[in-house]
Amino acid sequence: MPALEVRATGMLTTVQDTGRTGFAALGVGASGAADQRSHALANRLVANPPDAATLEVTFGGLRVRARGTVTVAVTGAVGPVTVAGRGAAMNAPLVVPDGAELSLGTPARGLRSYVAVRGGIAVEPVLGSRSTDILADLGPPVPAPGTVLPVGPPPAAFPNVDVAAVPPPAADRLTLRAVPGPRDDWFRPHALDTLFAAEYEVTSRSDRVGMRLAGPPLRRTRSGELPSEGMVPGSLQIPPDGEPVLFLADHPVTGGYPVIAVVHGSDLPLAAQATPGMRLRFVRAGARG
């Protein structure tokens, strides 16, 4: 069977799929691709089922060598892609001959790229998913140089799109829709007005767990702490310093800091592509930014 031999991983490369749902009551989060939209597109381009595992590559730097000829697609963050040293297209099926190397350079826009290979990355699933949960240290090990990733049997369908026309990730500013609550009553009367009027900056203290934001602090009216309660992707949790943390794919399943609002689920793929230094603005869901 074909395989991909990892030569370099860049900042972070993990195996991801649509996640392991149904285990939150046991303290196990869903994890999965941070940008589910780009993950799904990569799979569609090589005719994989939506839940096939891909490689999620943070800020480029991935190099893999094909063991056997494979068909791949690269989506998400926009950056240079080469096959056997020659420039190749993003958002399109690419043939990587046996022994050739696929390489992803540093993206000019966006943060996370997705590499789908026809047949899917066939590492062993854990609790029904091939996703690597960084926070819980659950799922397939993080690939390192020398790791050989098996590729599954090709699907019966064949790719039928030459190039997918998709807009690039935002360059410097991003607007995300959010629903107030469930704990907005823990904050001063104008805290929500501040959240929906101010701009926040994505800091370098961000990862698959959450995105730490710098900006006007959101002050509480209560000094105590909540008992731990369930958290969902998109939660805007407010620690004591008042600066929001936006929970992403590997967020904890419970938390004790109050959540002032929750980002709309269909906007989370946009958030997953936000780079440090980018400016974020939140608008009430249903409003236009």
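Here is a chat about a sheet and some salt bridges in a predicted model.

Biologist: In the open sheet of five strands, what is the strand order?

Modeller: The pairing in this open sheet is antiparallel. Its edges are β2 (12-16) and β8 (94-96), each of which pairs on one side only. From one strand to the next, the twist averages 30°. Reading across, the order is β2-β3-β10-β5-β8.

Biologist: Which helix packs on that sheet, and what angle does its direction make with that of β5?

Modeller: The helix is α1, residues 36-45. It touches β2, β3, β5 (70-78) and β10. Its direction makes an angle with that of β5 of about 155°.

Biologist: Take strands β3 and β10: which residue in β10 stands opposite T58?

Modeller: Strand β3 covers residues 54-58 and β10 covers residues 109-117. They pair in the antiparallel sense over four bridges. Opposite T58 you'll find R112.

Biologist: On to charges. R65 forms a salt bridge with which residue, and is that partner buried or exposed?

Modeller: The closest N and O atoms of the pair R65 and E5 are 2.7 Å apart. R65 sits in strand β4 (residues 62-67) and E5 in strand β1 (residues 3-9), 60 residues apart. R65 has 29% relative accessibility, so it counts as partly exposed. E5 has a relative accessible area of 12%, and because buried means under 20%, the partner E5 is buried.

Biologist: How many residues apart in sequence are the parts tied together by E56 and R208?

Modeller: Their side chains meet in a salt bridge, 2.8 Å from N to O, and both E56 and R208 are buried. E56 lies in strand β3, while R208 is in the loop between β13 (199-206) and β14 (210-214). So the pair ties together parts whose separation in sequence is 152 residues.

Biologist: Which residues do salt bridges that share partners join into one network?

Modeller: Start from the pair E56 and R208, whose side chains meet in a salt bridge. R112, the residue opposite T58, belongs to the network too. The network is made up of E56, R112, R208 and D250.

Biologist: And R220 with E225: which of the two is buried and which partly exposed?

Modeller: The side chains of R220 and E225 meet in a salt bridge, 3.4 Å from N to O. E225 is at 43% relative accessibility, so it counts as partly exposed. At 16% relative accessibility, the buried one is R220.

Biologist: Last one: what does the salt bridge count come to?

Modeller: Pairs in the model include R65 with E5 and R220 with E225. With a cut-off of 4 Å between side-chain nitrogen and carboxyl oxygen, the count comes to 14.

Terms used:
Residues numbered from 1 in each chain as written. Predicted model: local features only at pLDDT ≥ 70, side-chain atom pairs only at ≥ 80, totals over all residues. Heavy atoms only, no water. Pairing = 2+ DSSP bridges. Helix = DSSP H or I, 4+ residues; strand = E, 2+ residues; numbered from the N terminus. Axes fitted to C-alpha atoms, helices over the stretch in contact; angles between N-to-C directions. Contact = heavy atoms within 4.5 Å. Buried < 20%, exposed > 50% of the residue type's maximum accessible area, 1.4 Å probe, protein only.
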